[in-house]
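The following paragraphs lead the reader through one protein model, from its surface to its interior and back again. Please keep the sequence and the structure in view while reading.

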Amino acid sequence: MGRPFKTDKLRGEAQKLMEAAGVRRVRLYDARHACLSWMANNGVPNTVVSAWAGHSDLSFTKRVYVHPDPQSLKAGSEKLAQLLG
């Protein structure tokens, strides 16, 4: 299985990979947040997003990672317009 990485070693290895791939360097935390938020906003059930994040508290996952995106807000306003129209 291997040994766990220390965070500074993991960060350094990730930055080397980003450089080798020619992509913009980002903090691992930001990449994690973006990935989990994307999953949450693209139909992945909240329980699955929470499991991927390693959270035991679903409400924490929803509070931190599940944010409405512009497409979701537009879909919501269209549904409301259908209801009222």
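**A guided reading of the model**

Helix 5 lies largely in the open, because the number of buried residues among its 15 is zero. The model is a predicted one, and the description of this helix, like all that follows, should be read in that light. Helix 5 covers residues 70-84 and reaches 21 Å from its first C-alpha to its last, close to the 21 Å expected at 1.5 Å a residue.

Within helix 5, a salt bridge joins Glu 78 to Lys 74, with the closest N and O atoms 3.1 Å apart. These two residues are four places apart in the helix, about one turn. An α-helix has 3.6 residues a turn, so residues three or four places apart point the same way. Glu 78 counts as partly exposed, at 39% relative accessibility, while Lys 74 counts as exposed, at 52%. The latter value passes the 50% cut-off for exposed residues, which is why Lys 74 is placed in that class.

Helix 1 may be considered next. Helix 1 has 15 residues and spans 21 Å from its first C-alpha to its last, close to the 21 Å expected at 1.5 Å a residue. A salt bridge is formed here by the side chains of Glu 13 and Lys 16, at 3.4 Å from N to O. Because Glu 13 and Lys 16 are three residues apart in helix 1 (residues 7-21), about one helical turn separates them. Glu 13 is partly exposed, with a relative accessible area of 28%, and Lys 16 is exposed, with 54%. This pair belongs to a network of salt bridges that links Lys 9, Glu 13 and Lys 16. Just after helix 1, Gly 22 adopts a positive phi of about 75°.

A further salt bridge is made by the side chains of Asp 30 and Arg 27, at 2.8 Å from N to O. Asp 30 is partly exposed, with a relative accessible area of 32%, whereas Arg 27 is exposed, with 55%. In the whole structure, a search finds four salt bridges.

The surface also has a nonpolar feature. Phe 5, Leu 10 and Leu 28 make a nonpolar surface patch of about 270 Å². Of these residues, Leu 28 is located in helix 2 and is partly exposed, with a relative accessible area of 36%.

Which residues make up the largest nonpolar core? This core has seven residues: Leu 36, Met 39, Ala 40, Val 49, Ala 53, Val 64 and Tyr 65. At least two residues of the core come from each of helix 2, helix 3 and helix 4. Helix 2 gives the most, with three residues. Leaving aside neighbours within four places in sequence, Ala 40 is in contact with Val 49, Tyr 65 and Val 66; of these, Val 49 and Tyr 65 are themselves listed in the core.

Between helix 2 (28-41) and helix 3 (46-53) runs a loop that contains Val 44. Beyond its neighbours within four places in sequence, Val 44 is in contact with Met 39 and Val 49, and both of these partners appear in the core. Val 44 can also be related to the exposed helix with which this account began: its C-alpha lies 19 Å from that of Lys 74, and the two residues are 30 places apart in sequence.

Two buried polar residues complete the account. Is Ser 50, a residue of helix 3, buried or exposed? Ser 50 is buried, because its relative accessible area of 4% falls under the 20% cut-off. Apart from neighbours within four places in sequence, the contacts of Ser 50 are His 55, Asp 57, Leu 58 and Thr 61. The last of these, Thr 61, is placed in helix 4 (residues 58-65). Thr 61 is likewise buried, with a relative accessible area of 1%. Not counting residues up to four places away in sequence, Thr 61 touches Val 49, Ser 50, His 55 and Val 66. The contact between Ser 50 and Thr 61 thus joins helix 3 to helix 4, and His 55 is a partner of Ser 50 as well as of Thr 61.

Technical notes
Residues are numbered from 1 along each chain as its sequence is written. This is a predicted model: local features need pLDDT of at least 70, side-chain atom pairs count only at pLDDT 80 or more; totals for chains, interfaces and linings use all residues. Side-chain values use heavy atoms; hydrogens and water are left out. Buried means under 20% relative accessible area, exposed over 50%, partly exposed in between (1.4 Å probe, protein chains only). Contact means heavy atoms within 4.5 Å. The expected span of a helix is 1.5 Å times one less than its number of residues. A nonpolar core is a set of buried Ala, Val, Leu, Ile, Met, Phe, Trp, Tyr and Cys residues joined through side-chain atoms within 4.5 Å. Patches are made of residues with over 30% relative accessible area and no salt bridge: like charges are joined within 9 Å, nonpolar side chains (Val, Leu, Ile, Met, Phe, Trp, Tyr) within 5 Å. Accessible areas come from the Shrake-Rupley method with a 1.4 Å probe; for residues, only the protein chains shown count as cover.
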